[in-house]
Amino acid sequence: MGISIQDIIAKARQADPQIDTAPLGRAYEIAQGAYAGKTVAGGRPMLEHGLNVADTLAGYNLDVNTIAAGLLHNAIPFLSTPKEKLRAELGGDLFNMVELLASLNSLKFSFDENEQSGEMRRMFIAMAKDVR
């Protein structure tokens with residue numbers, strides 16, 4: 001694998017040496033379990049994809065929760081952990097971002113105007129909950 005969680009943590013610390021990277025460690029542990037054996041289109045491991053997303057976000061000097069959410073953006077459908085336990089593990093802010101990203105991942109685009117407007121409405125509602 002190209003990017004490691006240590007690379008991402010180093011990049012986040014480069015932007016802010018005082019940053020608390022514990023959320024990244026927790027997110028990585030959860031991602032390892034959620035993405036085990038899963039692949040994205042093209043056959044790449046899903047964990048590698050999540051790490052690449054998190055690395056890109058770290059490169060933009062974004063906050064640690066946003067970086068961790070990038071790592072977990074596809075995780076919720078693959079987790080057997082109850083949502084309340086996951087919320088306790090991640091903290092409310094990070095859990096909410098991951099849940100919103102999961103809802104955006106489920107958007108389906110179509111040529112039917114009524115279906116499309118419903119999907120766009122869902123997307124705008126999700127974006128309004130957290131503008132990051």
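**Helix packing and two buried residues in a predicted all-helix model**

Helix α3, which spans residues 46-59, packs against α4 at an angle of about 155°, and the axes of the two helices lie 7 Å apart; here an axis is a line fitted to C-alpha atoms, for helices over the stretch in contact, and angles run from 0 to 180 degrees between N-to-C directions. Helix α3 is therefore roughly antiparallel to α4, a description used for angles over 145 degrees. The crossing of α3 past α4 is right-handed, meaning that the near helix is turned clockwise from the far one by less than a right angle. On the α3 side, Leu47, Gly50, Leu51, Val53, Ala54, Leu57 and Ala58 take part, and they meet Thr66, Ile67, Gly70 and Leu71 of α4, where contact means heavy atoms within 4.5 Å.

The model is a predicted one, in which local features need pLDDT of at least 70 and side-chain atom pairs count only at pLDDT 80 or more, whereas totals for chains, interfaces and linings use all residues. Residues are numbered from 1 along each chain as its sequence is written, and side-chain values use heavy atoms, with hydrogens and water left out.

The protein as a whole contains seven helices and zero strands, these being DSSP runs (H or I of at least four residues for helices, E of at least two for strands) numbered from the N terminus. Of its 132 residues, 39% count as buried, that is, they have under 20% relative accessible area with a 1.4 Å probe and protein chains only. Among the contacts in the protein with a separation of 6 or more, 57% are between residues 24 or more positions apart. The exposed surface amounts to about 7700 Å², of which carbon and sulfur atoms supply 55%, as computed by the Shrake-Rupley method with a 1.4 Å probe.

Beyond the α3 and α4 pair, His73 is found in the loop between α4 (64-71) and α5 (83-90). This residue is buried, with a relative accessible area of 12%, and the side chain of His73 makes a polar contact of 3.1 Å with the side chain of Asn74; such a contact is a pair of N or O atoms within 3.5 Å, one able to donate a hydrogen and the other to accept it, and for residues adjacent in sequence both must be side-chain atoms.

Ala102 belongs to helix α6, residues 92-105, and it counts as buried at 18% relative accessibility. When its neighbours within four places in sequence are left aside, Ala102 is in contact with His73 and Ile76. Although Ala102 and Ile76 are 26 residues apart in sequence, they lie 6.6 Å apart in space, C-alpha to C-alpha.

Note on methods:
Buried < 20%, exposed > 50% of the residue type's maximum accessible area, 1.4 Å probe, protein only. Parallel < 35°, antiparallel > 145°, perpendicular 65-115°, else oblique.
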